[in-house]
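Biologist: I am new to this structure and would like a close look at a single part of it, rather than a tour of everything. Please choose one part that can be followed residue by residue, and explain each term as you use it.

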Amino acid sequence: SETNTNWKSATFRNDFRQKISNIWPNNRVAFSSSDVGIEFEFTEYLPGGTCTMAMDHLSMRVTKVGEDESGLGRWSYLTMEGQDGRKVTFITAYRICQGTMRGTSTSCMQQQKVLNNQEMKKG
């Protein structure tokens, strides 16, 4: 699901982790936001983003956490290992709405900007 939170900001990530730790001391969290979030470092609200969490005894089974490495911030995940080395990965993802280009920070506009920046870097 879409969190509408700028997880690229260490301030907001750390604040969220602190609040979660007060309720569930044992936890693991994976976040995703588009790379545009870096430009809005002091803004908590940013359309898009995901958060995947494991609490209590499940958090002890987490072997890997991560996010969409494309810079689009579309998904985050936790991988857990169970009995006999079996692994399962939980993915939290969202798909942006087509045609929602109004505004400068909509998910659609963020992804367009990230993709444009990536193309410019390629040359």
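Modeller: What follows looks closely at one sheet and at some of the residues that lie around it.

This is a predicted model, in which local features need pLDDT of at least 70 and side-chain atom pairs count only at pLDDT 80 or more, while totals for chains, interfaces and linings use all residues. Residues are numbered from 1 along each chain as its sequence is written, and side-chain values use heavy atoms, with hydrogens and water left out.

To place the sheet, it helps to begin with the whole protein chain, which has three helices and five strands (DSSP runs numbered from the N terminus, helices being H or I of at least four residues and strands E of at least two). Read from the N terminus, these elements follow the order α-β-β-α-β-β-β-α. The C-alpha atoms of the protein chain fill a box of roughly 45 × 30 × 25 Å along the principal axes. Of its 123 residues, 36% count as buried, where buried means under 20% relative accessible area, exposed over 50% and partly exposed in between, with a 1.4 Å probe and protein chains only. Among contacts (heavy atoms within 4.5 Å) that join residues at least 6 apart in sequence, 60% link residues at least 24 apart.

The part I have chosen is an open sheet of three strands, ordered E3-E4-E5 and paired in the antiparallel sense; two strands pair if DSSP finds at least two bridges between them. Strand E3 (62-67) and strand E5 (87-93) form the edges, since each of them pairs on one side only. Between E3 and strand E4 (residues 75-81) there are five bridges, and the pairing is antiparallel. Within this pairing Lys64 stands opposite Thr79 in E4, while Val65 has Leu78 of E4 as its bridge partner.

On the other side, E4 is joined to E5 by seven bridges, and these two strands also run antiparallel. One of the residues in this pairing is Trp75, whose bridge partner in E5 is Ala93. E4 and E5 make a hairpin with five residues between the strands, and in this hairpin Asp84 takes a positive phi near 55°. E4 is largely enclosed by the rest of the structure, because five of its seven residues are buried.

Some sheet residues also belong to the largest nonpolar core, which consists of the five residues Ala30, Ala54, Val62, Leu78 and Met80 (such a core is a set of buried Ala, Val, Leu, Ile, Met, Phe, Trp, Tyr and Cys residues joined through side-chain atoms within 4.5 Å). Neighbours within four places in sequence aside, Val62 is in contact with Arg28, Ala54, Leu78, Thr79 and Met80. In soluble globular proteins, nonpolar side chains tend to be buried together.

Trp75 leads on to a second strand region, for its backbone oxygen lies 3.5 Å from a polar atom of the side chain of Ser32. Ser32 is found in strand E1 (residues 27-32) and is buried, with a relative accessible area of 1%. The side chains of Ser32 and Thr50 are joined by a polar contact of 2.5 Å, a term for a pair of N or O atoms within 3.5 Å in which, within protein, one must be able to donate a hydrogen and the other to accept it, and residues adjacent in sequence count only if both atoms are side-chain atoms. Not counting residues up to four places away in sequence, Ser32 touches Trp7, Gly49, Thr50, Glu67, Gly73, Arg74, Trp75 and Ser76. Of these, Trp7 is buried, with a relative accessible area of 7%.

Gly49, another residue touched by Ser32, sits in the loop between E1 and strand E2 (50-55). Its relative accessible area is 1%, so Gly49 is buried. When neighbours within four places in sequence are left aside, the contacts of Gly49 are Ser1, Glu2, Thr3, Trp7, Ser32, Ser33, Gly73 and Tyr94. The C-alpha atoms of Gly49 and Ala93 are separated by 8.6 Å, although the two residues are 44 residues apart along the chain. This brings the account back to the sheet, where Ala93 is the bridge partner of Trp75.
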